[in-house]
Amino acid sequence: MEKNYNLNEIEKQMQDFWRKENIYQFDRNAGGEIYSIDTPPPTVSGSLHIGHLFSYTQAEIIARFRRMQGQNVFYPFGFDDNGLPTERLVEREEGIKAANIPRSEFNEKCKTTIIKYENEFKEFWQSLGFSVDWSCQYQTISPDVCKISQSLFLDLVKKGKAYVKESPVLWCTECVTSIAQAELNTSDTDSTFIYIPFIVDGITLPVATTRPELLYGCVCLFVNPNDERYTHFINRKASVPLYNYEIPILTDNKVEPDKGTGVVMCATFGDSTDAEWYCKYSLPYKKIINTNGYIEDDVPFISGLKVEAARTEIINKLRENGLIIKTETITHTVGTHERCGKPIEIISSRQWYIDVMSNKERFLSIADEINWYPESMKNRYIAWVENLKWDWCISRQRYFGVPFPVWYCKNCGKYVTADEEQLPINPLETAYSGKCQCGAEVFIPETAVFDTWATSSITPQINERLGLKLTPMSMRTHAHEIIRTWTFYTIVRSLYHTGKLPWKDLMICGFVLAKKGEKISKSKNNNEFNPKHLIATYSADVLRYWTAGARLGSDTFFSTEDLNISRRFITKLYNACKFAIFHLDDFAFSTPILLPVDKWIIERTNEVILKSSKLLYEYEIGSARHEIDNLFWKDFCDNYLEIIKERLYKPEVHGTEERKSGQYALYYSLLNILKLYAIYIPHITEYIYQEFFKQHIKIKSIHLLKWENPYKTDENLIAFGEQLKSVISDMRKYKTENNLSMRAEMPKIVIQTDFIDWFKQTEKDIKACSNAKEICYIYM
Ligand SMILES: [Zn+2]
Ligand SMILES: [Zn+2]
């Protein structure tokens, strides 16, 4: 072994070795239980950040753990490389707007960009030593995945779970597309209530609104049926100020009497309640805002203005006409688009939906059939499902995505779908060849594409494209912010397509925060948090060890001091291995008669194997690492190596058989400590294995070994070890307190114990490491 361990250089060598030897290749013929992992395909929307490194590595540790338990681990990887996030990346990089260049040209630019990023991503995961089988890689935009996505869409259409309708939909005027509720962020902002006088038979009826620019779209007023102030107004007509047309006054329980004046203006559409009332009461539709966020041409006073400018203008107009009673600053909730941060409008348009509202109960009850790790994450899912207000809109008026295999009859407007054999198909490129029920033969292709979640929600089926039966998959993993999207949508799709769970276990990881409450986002990707830079500076093992420091699901702060701690650990491990291996040079594989202290370190190692595997089966990578650290630092380094040191160096004093006993226990405990750590720090453990253990074990890689499976541990030996440890620590404490060197002579040590025999057999070792002249005993 080299004197010093050159982290980056050796890591690169180990990665090359794994690649060359196909160490992590999934063996479909191996038989045995398959442990399949549904890895989140990272969105190709910019560079990876340390949050990715954190959560993906935590899952990778689990893949390695399961492999070392003897399971046949299916660990594929994919890229989610279409849809709005990818389009925005390409627009940003190229300085273009998709809407301003030909669709095919834009899509070509997208294809070039994603290849560049995917290569970069793959290299990055490889530089972290990921044990992925890259031959199972998928892209959500590739033809084979498009085919699956379109085919499953048709399955939903057949089952009546996907439908198209003209109705109010959440709309981003910046991205010029419909969006789903899951892409909506809400925040509280200051806004102004404008009190405007509506007139009912000559009587003024004040109404407060935050959206006066929608006045021309006002289709009725609502009051609460129990609000006695307004009983006599119900079903009468009110005149709209400024525009002077009449609208009805209706009742609905949703009206809050203490908000504003208790009379609500319903415009198409100011918010989701307006949209709900529009459907519930079959109200007329007056379009005020177009898809780009401008006021429609036929709206008096404000046509052609952007929404904010229109609001200012209409307030001026109302004021000029003496039509503002008062104004009031309030705080209210506004919805913004998660991708661009711009306020969301609601407009009516023809969109495709997946029905989720009618099966909410089932989506809630299935939560109990999935194992959530940590369990608390289930509540986030339940809160989201309970809060759902809209069916899942899956059509996006965008360009680079999976096309809908759909056309519309030019004569009657009905839709027709492609045949299964035609998939994948782009209706913009291939005409529909059949006839409509109405007899017409001319069709217009659907130009919208699928919401990217509509494809990433079927990753279990995408993983099955290689001919494996995987569903329900063993495990899905991701960070907690996409429970409302990826978890929820995948559950919806799985229930509709298969009637079953998509996976058995859900492993939910936390975020990395720069400081309290501040997520390290892609946009603030400075050098300090740049994962590539960190790997180059600290090495993959150092970073991997750090990722396992946090409790599963908990957010963690990033500090380079933590990485220095990891680095010190790697050095310590290397030096301890170097010391041990030096003394194992002449190790003969016979089983000697073991001394109690040697039996103890073996038992203690077995105990940690049992404890940490139990924790790892519950995905507690952090707590498991803590157990292993205790074994390595406290038992193995601080005590065991110190106790047996002289026995290893001086067989002439301690005896040859005694030395062999020490070698045997040292070999066993060191090898098993390396196997425990192999899942966290695969490079250094592999290197040490290659340097020494491989010649004896004759298996290509440490990562192909299995963890021991001890039946149970001997409690007495563990208790003896604890007593021995406290003897040593009391002795050290005594010397420190009395300013004595650790080598200073001790006239006498008195040990109170119920393991006198074992202590007597350990006397030479204790004397050697304490320099005690005499040891006597008191029964406990
Ligand atoms: Zn947007
Ligand atoms: Zn027709």
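Student: In this predicted model, how far is the sulfur of Cys279 from the closest cysteine sulfur?

Tutor: The model is a predicted one, and a disulfide in it would require two cysteine sulfur atoms within 2.5 Å. The closest cysteine sulfur to that of Cys279 belongs to Cys266, and the separation is too far for a bond. Cys279 itself is partly exposed, with a relative accessible area of 45%. The distance from the sulfur of Cys279 to that of Cys266 is 10 Å.

Student: How many disulfides does the structure hold?

Tutor: A pair of cysteine sulfur atoms counts as a disulfide within 2.5 Å. The sulfur of Cys279 is too far from that of Cys266 for a bond. For the structure, the number of disulfides is zero.

Student: Which residues are the protein donors of the zinc ion (ligand 1)?

Tutor: The donor atoms lie 2.0 to 2.3 Å from the zinc ion (ligand 1). Along the chain, these donors follow the spacing C-x2-C-x161-H-x2-C. The donors are Cys172 (SG), Cys175 (SG), His337 (ND1) and Cys340 (SG).

Student: What is the geometry of the site of the zinc ion (ligand 1)?

Tutor: Four donors count as tetrahedral if all angles lie between 85 and 135 degrees. The angles among the four donor atoms of the zinc ion (ligand 1) are 101 to 114°. For comparison, the ideal angle for four tetrahedral donors is 109.5 degrees. The site of the zinc ion (ligand 1) is tetrahedral.

Student: Is His337 buried or exposed?

Tutor: A residue is classed as buried under 20% relative accessible area. His337 has 1% relative accessibility. Cys340, another donor of the zinc ion (ligand 1), has 18% relative accessibility and also falls in the buried class. His337 therefore counts as buried.

Student: Which residues coordinate the zinc ion (ligand 2)?

Tutor: The coordinating atoms of the zinc ion (ligand 2) are at 2.2 to 2.3 Å. In sequence, the donor residues are spaced C-x2-C-x23-C-x1-C. Their four donor atoms subtend angles of 105 to 116°, so the arrangement is tetrahedral. The coordinating residues are Cys409 (SG), Cys412 (SG), Cys436 (SG) and Cys438 (SG).

Student: Where does Cys412 fall, buried or partly exposed?

Tutor: The buried class ends at 20% relative accessible area, and the exposed class begins over 50%. Cys409 counts as buried at 3% relative accessibility. Cys412 has a relative accessibility of 39%. Cys412 is thus partly exposed.

Student: In what order do the four strands of the open sheet lie?

Tutor: The pairing in this sheet is antiparallel. The edge strands, each pairing on one side only, are β6 (177-178) and β16 (392-393). The order is β6-β5-β14-β16.

Student: Which residue in β6 is the bridge partner of Trp171?

Tutor: Strand β5 covers residues 162-172. Two bridges join β5 to β6, and the two strands run antiparallel. In β6, the partner of Trp171 is Ser178.

Student: Why are Lys12 and Asp16 separated by about one helical turn?

Tutor: Both residues belong to helix α1 (residues 7-21). Their side chains meet in a salt bridge of 3.4 Å, N to O. Lys12 is partly exposed at 47% relative accessible area, and Asp16 is partly exposed at 33%. The separation is about one helical turn because, within α1, Lys12 and Asp16 are four residues apart.

Student: How many residues apart are Glu620 and Arg551?

Tutor: Glu620 and Arg551 form a salt bridge, with their closest N and O atoms 3.7 Å apart. This pair links distant parts of the chain: Glu620 is in the loop between α16 (596-617) and α17 (621-649), and Arg551 is in the loop between α14 (540-547) and β26 (556-557). Glu620 is buried at 12% relative accessible area, whereas Arg551 is exposed at 51%. Along the chain, Glu620 and Arg551 are 69 residues apart.

Student: Which helix holds both Lys767 and Glu763?

Tutor: The side chains of Lys767 and Glu763 meet in a salt bridge of 3.9 Å, N to O. Lys767 is partly exposed at 28% relative accessible area, while Glu763 is buried at 18%. The two are four residues apart, about one helical turn, in helix α22.

Student: How many salt bridges does the count come to?

Tutor: The criterion is a side-chain nitrogen of Lys or Arg within 4 Å of a carboxyl oxygen of Asp or Glu. The pair Lys767 and Glu763, at 3.9 Å, is one of the salt bridges. By this rule, the count comes to 48.

Technical notes. Residues are numbered from 1 along each chain as its sequence is written. Chains are lettered from A and ligands numbered from 1 in the order in which they are written. This is a predicted model: local features need pLDDT of at least 70, side-chain atom pairs count only at pLDDT 80 or more; totals for chains, interfaces and linings use all residues. Side-chain values use heavy atoms; hydrogens and water are left out. Donors are N, O and S atoms within 2.8 Å of the metal (3.2 Å for Na, K and Ca); water is not among the atoms, so sites may look incomplete. Four donors count as tetrahedral if all angles lie between 85 and 135 degrees; four count as square planar and six as octahedral if opposite donors are over 155 degrees apart and all others between 65 and 115; anything else is irregular. Buried means under 20% relative accessible area, exposed over 50%, partly exposed in between (1.4 Å probe, protein chains only). Two strands pair if DSSP finds at least two bridges between them.
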